[in-house]
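Student: I have a structure open and would like to learn how to read its features. Could you walk me through a few?

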Amino acid sequence: MVNRTAIEDKELGRLEQMIRDTPAEIDLTRGVMDRYDQKRRQVSWEAASGRRGWRKPAAAVAAAVLIMTAVAGTGLISPAAAEALKHIPGMERVFQLAGDLGLRAADEQGLYSDPGVSDTQGGVSVAATAVAFDGIRVSVGLERTAPASGAAGQNGSLQEAMTDVELSINGLPLNDYAPYGSSIGPFLFPVPDSDKLVLEFSDLRNQGGQAFPEQFELGLQFRVTGIEEPFLLDIPVELNTRDNLVLAPSVVRHSGNVTMQVDKVELTPVTTNITTRLELDGMTISEMHSSGGSIGYELFDDQGNIIQMLSGNGTNASGGNVLVEDSRFAPLGSVPQSITLKPYHFVYKEGSTSEFQLDARGNVRVEYIPELEVTVPVAAAK
């Protein structure tokens, strides 16, 4: 019988060498591999204790996802490394390539659909191959194919080539769902495969907008550089999750001229969403940002593990002193006893409000604001 652990070790060694062969200013290899070793030990313990383990190809996929999360997101991964990752079972799918732990969970748990929708213009085809909607965010995996390399519409990555993106829901402009004076802008997230990307957007229901329907037709129109005619995809979207956990802690904290309230916590198998309300005394939100006093958030589970930050959006009235934000993080996997939100200020270089200080590992330095820290009980509310 073939020892699967030996196979995993061989695959892991190949992946580690692939990272070492990728030019980068920061050495990410040892930290990534240490994290993978720790995760593999955890999986072995879970299997021994009777907890559900990962599926057969998950060990190699786990290593690859950790690598992509640390490397691909920085744009440092080489074309050869990206090509090698695509040949790992399951890694050719766009949600696995994205490095987003929530989309990886959606892929592994089948919480997505393949609409089989595509459009072809100028010999280039763009298809929607995966759609996930958990009530918080809509994620669409897009893939480009062309008959020949270097053809019109295939120069550069798909993210670089896509322009004039317009979205509609059941024939109505997407921004009809936004509160007055606001707009819902989609994110275009690149992946190591330059012919693929993830298009993502969220409603602004927590800022006064309308919630998206549980089922709708998404109209996606866009142009691709070098091709005259626009592309049009009509993509069916349906809520893929049920029994999402929603908490309304309404916890208030104060620090100096800042009052922060945690209005809502939403937990799904794909996303953890935290809705906060900041109110400033004697200063507008714009003045806070321009002075370098912007506030960010980190989320931790009850074991002290930091949860991957995904995206976010917020609204405030022009010249206003109130900012309502949704901060989206990776899913928690299992329901914890509690979660802790730690607000922070970015640390800027002396005399600057735009250049960040970096630590020894190349990460942006932050300064926590302990007076604003909030721990929210979760398990008891389930």
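Student: Where is phenylalanine 356 found?

Tutor: This is a predicted model, and in it phenylalanine 356 lies in the loop between strand E18 (338–346) and strand E19 (366–368).

Student: Is phenylalanine 356 buried, partly exposed or exposed?

Tutor: Its relative accessibility is 32%, so phenylalanine 356 counts as partly exposed. The cut-offs help here: buried means under 20%, exposed means over 50%, and partly exposed is in between.

Student: Which residues form a nonpolar patch on the surface?

Tutor: Phe356 forms such a patch with Leu358 and Val364. Together they have about 240 Å² of accessible area.

Student: Let's turn to sheets. In which order do the 4 strands of the open sheet come?

Tutor: First, the general idea: backbone hydrogen bonds pair the strands of a sheet, in either a parallel or an antiparallel way. Here the order is E5-E4-E8-E9, and the pairing is antiparallel. At the edges are strand E5 (172–173) and strand E9 (231–238), each of which pairs on one side only.

Student: How many bridges join E4 and E5?

Tutor: Strand E4 (residues 162–169) pairs with E5 over 2 bridges, in the antiparallel sense. You can look for one bridge partner in E5: leucine 172, which partners isoleucine 169.

Student: How do I read aromatic pairs, and how many are there?

Tutor: Two values describe a pair of aromatic rings: the distance of the centres and the angle of the planes. The count here comes to 10 aromatic pairs. Take phenylalanine 133 and phenylalanine 216: their ring centres are 5.9 Å apart and their planes are at 70°, so this pair is edge-to-face. The two residues are 83 residues apart in the chain, with phenylalanine 133 in strand E2 (residues 124–133) and phenylalanine 216 in strand E8 (residues 215–224). Both phenylalanine 133 and phenylalanine 216 are buried. They also belong to one aromatic cluster with Tyr177, Phe201 and Phe212.

Student: What are the distance and angle for tyrosine 344 and phenylalanine 346?

Tutor: They are 5.2 Å centre to centre with 85° between the planes, and this aromatic pair is edge-to-face. Tyrosine 344 has a relative accessible area of 11%, so this residue is buried. Phenylalanine 346 has 25%, so that residue is partly exposed.

Student: Which ring does the charged end of lysine 342 sit over?

Tutor: One is the ring of phenylalanine 300, with the charged end 4.6 Å from the ring centre. Lysine 342 also lies over the face of tyrosine 368, at 5.5 Å from the ring centre.

Conventions: Residues are numbered from 1 along each chain as its sequence is written. This is a predicted model: local features need pLDDT of at least 70, side-chain atom pairs count only at pLDDT 80 or more; totals for chains, interfaces and linings use all residues. Side-chain values use heavy atoms; hydrogens and water are left out. Patches are made of residues with over 30% relative accessible area and no salt bridge: like charges are joined within 9 Å, nonpolar side chains (Val, Leu, Ile, Met, Phe, Trp, Tyr) within 5 Å. Accessible areas come from the Shrake-Rupley method with a 1.4 Å probe; for residues, only the protein chains shown count as cover. A salt bridge is a side-chain nitrogen of Lys or Arg within 4 Å of a carboxyl oxygen of Asp or Glu. Buried means under 20% relative accessible area, exposed over 50%, partly exposed in between (1.4 Å probe, protein chains only). Two strands pair if DSSP finds at least two bridges between them. Rings of Phe, Tyr and Trp (its six-membered ring) pair if their centres lie within 6.5 Å; planes under 30 degrees apart count as stacked, over 60 as edge-to-face and the rest as tilted. A charge sits over a ring if NZ of Lys or CZ of Arg is within 6 Å of the ring centre and within 35 degrees of the ring normal.
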